[in-house]
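Here is a quick tour of a single chain, with an eye on its charged side chains. Have a look at the model first, then read on.

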Amino acid sequence: DIHSVDNLTNTHRILLFRIPGQPENDDQPALNGDEKNEAFDNNMTVEDLYDHVFELKSEIREERMIYRDLLAEHEDLLALLAQQDLERASLHEALFNAGGDEAVENAIQEAEEKALNQFGKYIRVR
């Protein structure tokens, strides 16, 4: 009987979207703007739910790809920072051997002034 199927579908819909701690009647609180979640729309059919889950899975895959790309870029930046630190230490030692502390301090001061002029700030790393 088609009415029995409709009633069963409605019962499943209500059970699927019941929020723990909320009353079991249909008096769900009204949500505004971003708070409204279409997954809690009691008018969704099983097909709508399937489509929604499929879309969410697709979005999750996309977000994971973005995360992996960001993580790889982060690791590359950390490697670059470590490389720059090694180069800075080598240049610092060579400059110290060639001109002493004064040459090193003058080079650091010049780099600080250039960074301030070009970028608006300088972060001193020792």
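## A cut-off to start with

A residue is called buried when its relative accessible area is under 20%, exposed when it is over 50%, and partly exposed in between. Keep that in mind for the side chains below, and bear in mind that this is a predicted model.

## The chain as a whole

The secondary structure is quickly told: two helices and zero strands. Helix 2 covers residues 46–119. Out of the 126 residues in the chain, 9% count as buried.

About 11200 Å² of the chain is exposed, and 55% of that comes from carbon and sulfur atoms. Taking the contacts with a separation of 6 or more, 23% are between residues 24 or more positions apart.

## A salt bridge beyond helix 2

How many salt bridges does the structure hold? There are three salt bridges. In one of them, the side chains of Glu112 and Arg124 meet at 2.5 Å, N to O. This pair links distant parts of the chain, with Glu112 in helix 2 and Arg124 in the segment after helix 2, 12 residues apart.

Is Glu112 buried or exposed? Glu112 has a relative accessible area of 18%, so it counts as buried. Its partner Arg124 comes out at 41%, so Arg124 is partly exposed. Setting aside neighbours within four places in sequence, Glu112 is in contact with Tyr122 as well as Arg124.

## Salt bridges within helix 2

Asp85 and Arg88 also pair up, with 3.5 Å from N to O. Both lie in helix 2, three residues apart, or about one turn of the helix. Asp85 is partly exposed at 38% relative accessibility, and Arg88 is partly exposed at 37%.

Then there is Lys114 with Glu110, whose closest N and O atoms are 3.2 Å apart. These two are four residues apart in helix 2, so about one helical turn separates them. Lys114 counts as exposed because its relative accessibility is 52%, while Glu110, at 43%, is partly exposed. As a general point, side chains of opposite charge can pair when their charged atoms come close.

## Charged patches on the surface

Now for the patches. Glu47, Asp48, Asp51, Glu55, Glu59, Glu62 and Glu63 form a negative surface patch. One of these residues, Glu63, has its place in helix 2.

There is a positive surface patch too, made up of Lys57, Arg61, Arg64 and Arg68. Arg64 from this patch is found in helix 2.

How values were computed:
Residues are numbered from 1 along each chain as its sequence is written. This is a predicted model: local features need pLDDT of at least 70, side-chain atom pairs count only at pLDDT 80 or more; totals for chains, interfaces and linings use all residues. Side-chain values use heavy atoms; hydrogens and water are left out. Patches are made of residues with over 30% relative accessible area and no salt bridge: like charges are joined within 9 Å, nonpolar side chains (Val, Leu, Ile, Met, Phe, Trp, Tyr) within 5 Å. Accessible areas come from the Shrake-Rupley method with a 1.4 Å probe; for residues, only the protein chains shown count as cover. A salt bridge is a side-chain nitrogen of Lys or Arg within 4 Å of a carboxyl oxygen of Asp or Glu. Lys and Arg count as positive and Asp and Glu as negative; His and the chain ends are not counted. The place of a charge is taken as NZ of Lys, CZ of Arg, CG of Asp or CD of Glu. Contact means heavy atoms within 4.5 Å. Buried means under 20% relative accessible area, exposed over 50%, partly exposed in between (1.4 Å probe, protein chains only).
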